[in-house]
Amino acid sequence: MMATRPEALPRSPGAGERILRGHSSSRLARVLPFLGPAFIACVAYIDPGNFATNIAGGSTFGYTLLWVIVASNLMAMLIQTLSAKLGIATGRNLPEVCRQEFPRRVTIGLWLQAEVIAMATDLAEFLGAAIGFHLLLGIGLLPAAVLTGVAAFLILGLQRFGFRPLEAVIAVMVLLIGVCYLAELYYAHPPFGLAAGSAVTPQFSGGESVLLAVGILGATVMPHVIYLHSALTQNRIVPDSEDEAKQLMRYTRVDVVIAMSIAGLINMAMLIMAASVFYKSGLHHVDSLESAHRTLGPILGTASGTLFALALVGSGLSSSAVGTLSGQVVMQGFVRRRIPVWIRRAVTMLPAFVAIGIGLDATRTLVVSQVVLSFGIPFALIPLVMLTSRRDVMGVHVNRRTTVAAATVVATLIVLLNAFLLVQTFGLA
């Protein structure tokens with residue numbers, strides 16, 4: 001028997017339900033209503049932090065670490081599929097299931113750390129968008145941050161029209177980022193044959209490349225988007241039977257594969273661009289977004305710098321909106337409290353304005369915030385794998401043994417890699 005589903009986020013129109021009940025025409029018409037949640041989730045994988053990591057990897061080691069992005073993307077597909085499945089099978093999101101299944105003290109602890117992680121996430125995304133406006137328009141970081149705040153409020157305001165318009169806007173931003181990087185590749189003329197070989201050939205180039213590979217792999221899963229994806233699927237399309245739920249999960253996997261493949265291709269394009277422009281030109285240590293933008297112009301022309309800044313703006317704005325929505329889901333799920341999204345948006349903007357106001361290096365602050373995110377990964381990933389592997393929680397949709405084994409290996413690897421990153425960052429090893 002299907003669980004009663006609370007209204008956590010606005011429902012989309014009933015096209016999906018009608019298709020589950022056999023009312024459909026073309027194959028494309030059957031798939032379209034189910035696309036959306038994974039596109040919102042995939043934004044976390046092409047956020048400003050990914051820009052910095054991929055540019056560092058490409059400029060320092062050329063195409064060597066392309067395979068790491070491919071491996072990271074495959075792991076991300078598995079994790080996001082589990083999150084989406086939890087929402088469909090239980091009618092609840094991950095924080096809600098944690099509140100139901102874990103002791104109250106554990107739930108409160110999970111909520112507090114998740115709030116800290118949500119703020120660190122938003123700091124990174126907001127700063128990234130502000131840097132993008134700064135580079136694109138040539139204005140100071142403070143007015144760029146104000147412009148970012150206005151744009152962020154406008155994007156979140158789309159919720160009043162239902163969740164589908166917000167999905168559409170974020171999907172357009174993902175498309176914008178992809179188009180910008182396709183254009184960058186056109187200007188860069190990379191050797192695609194060499195890049196394709198590197199994408200499927202595990203290799204390293206010294207100890208520093210191993211550390212950077214660990215950084216790319218360790219940042220594969222963002223804790224806030226694990227929470228959010230389960231909320232995006234919990235009541236978006238409601239099946240009436242277990243058969244319809246299984247069919248919905250098949251469509252959901254299509255959504256995840258398409259969205260995460262696009263995110264993976266964009267990340268690969270970032271690294272390929274950096275390798276074919278910076279590494280090839282002997283600029284092996286491009287370590288900030290500003291220096292990458294400044295260097296692109298003289299090598300590829302003014303248009304390439306503009307495209308880079310435009311992609312960064314799209315990345316920062318979309319991922320910032322996703323971070324705010326995640327914070328809303330976290331509070332409502334763990335402690336049954338809800339605050340207006342505009343208040344949460346205003347509060348989570350403050351750290352970015354403080355960082356800019358006191359003159360902290362924006363790129364360095366962005367990197368530090370990514371380190372903070374590493375603390376939250378086990379607290380989202382481990383409960384997800386545990387809960388989706390329990391029959392009393394998932395019913396007939398419980399993970400198969402092969403899925404449990406794969407998810408356990410991936411979760412263990414990601415947690416260990418993030419622990420290693422933290423040790424390296426704080427100089428304990």
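**Entry 1: Terms and starting point**

A helix, as I use the word here, is a DSSP run of type H or I with at least four residues, and helices are numbered from the N terminus. I note at the outset that the model is predicted.

**Entry 2: Two loop residues with positive phi**

I looked up the loop between helix H15 (302–335) and H16, and found Arg-336 there. Its phi is near 55°, which is a positive value in a residue other than glycine. Is Arg-336 buried or exposed? I recorded a relative accessibility of 61% for Arg-336, and a residue counts as exposed over 50%, so Arg-336 is exposed.

I then turned to the loop between helix H9 (163–188) and H10, where His-189 lies. The phi of His-189 is near 50°, again positive in a residue that is not glycine. His-189 is exposed, with a relative accessible area of 58%.

**Entry 3: The buried side of H10**

Which residues of helix H10 (residues 192–199) are buried? I found Ala-195, Ser-198 and Ala-199. These three lie on the same side of H10, because they cover an arc of only 105° around the axis. I added a general point for my own understanding: an α-helix has 3.6 residues a turn, so residues three or four places apart point the same way. I also asked what covers the buried residues of H10. The cover includes helix H5 (66–90) and helix H13 (242–279).

**Entry 4: A buried histidine**

I located His-224 in helix H12 (residues 223–234). Its relative accessible area is 4%, and under 20% means buried, so His-224 is buried. I listed what His-224 touches, leaving out residues up to four places away in sequence: Ala-44, Thr-121, Val-322, Gly-323 and Ser-326.

**Entry 5: Cysteines**

How many disulfides does the structure hold? I found zero. For reference, a disulfide is a covalent bond between the sulfur atoms of two cysteines. Cys-180 is in no disulfide, and the nearest cysteine sulfur, that of Cys-42, is 15 Å away. A disulfide needs the two sulfur atoms within 2.5 Å, so a sulfur 15 Å away does not meet the cut-off. Cys-180 is buried, with a relative accessible area of 1%.

Cys-98 lies in helix H6 (residues 94–101). It is buried, with a relative accessible area of 1%. Apart from its neighbours within four places in sequence, Cys-98 is in contact with Thr-107, Leu-110, Phe-334, Pro-383 and Leu-387. I also noted that the C-alpha atoms of Cys-98 and Arg-400 are separated by 21 Å, while the two residues are 302 residues apart along the chain.

**Entry 6: Salt bridges**

How many salt bridges does the count come to? I recorded four. Side chains of opposite charge can pair when their charged atoms come close.

Among the four, I examined the pair of Arg-390 and Glu-101, whose side chains meet at 2.8 Å, N to O. Arg-390 is in the loop between helix H17 (362–388) and helix H18 (391–394), and Glu-101 is in helix H6, so the pair ties together parts that are 289 residues apart in sequence. Arg-390 is partly exposed at 26% relative accessibility, and Glu-101 is partly exposed at 27%.

Arg-390 also forms a salt bridge with Asp-392, with the closest N and O atoms 2.7 Å apart. Asp-392 counts as exposed, at 58% relative accessibility. I therefore drew Glu-101, Arg-390 and Asp-392 as one network, since their salt bridges share partners.

Another of the salt bridges joins the side chains of Asp-122 and Arg-345 (2.2 Å, N to O). Asp-122 lies in helix H7 (residues 104–137) and Arg-345 in helix H16, so this pair ties together parts that are 223 residues apart in sequence. I noted that both Asp-122 and Arg-345 are buried.

**Entry 7: A nonpolar patch on the surface**

Which residues form the nonpolar patch on the surface? I listed Phe-153, Ile-339, Trp-342, Ile-343 and Val-347, which together have about 430 Å² of accessible area. Helix H16 (residues 341–357) gives the most to the patch, with three residues. Phe-153 belongs to helix H8 (residues 141–156). It is partly exposed, with a relative accessible area of 32%. Patch residues need over 30% relative accessible area, so Phe-153 passes this cut-off.

Note on methods
Residues are numbered from 1 along each chain as its sequence is written. This is a predicted model: local features need pLDDT of at least 70, side-chain atom pairs count only at pLDDT 80 or more; totals for chains, interfaces and linings use all residues. Side-chain values use heavy atoms; hydrogens and water are left out. Patches are made of residues with over 30% relative accessible area and no salt bridge: like charges are joined within 9 Å, nonpolar side chains (Val, Leu, Ile, Met, Phe, Trp, Tyr) within 5 Å. Accessible areas come from the Shrake-Rupley method with a 1.4 Å probe; for residues, only the protein chains shown count as cover. Buried means under 20% relative accessible area, exposed over 50%, partly exposed in between (1.4 Å probe, protein chains only). Contact means heavy atoms within 4.5 Å. The arc is that of the directions from the helix axis to the C-beta atoms.
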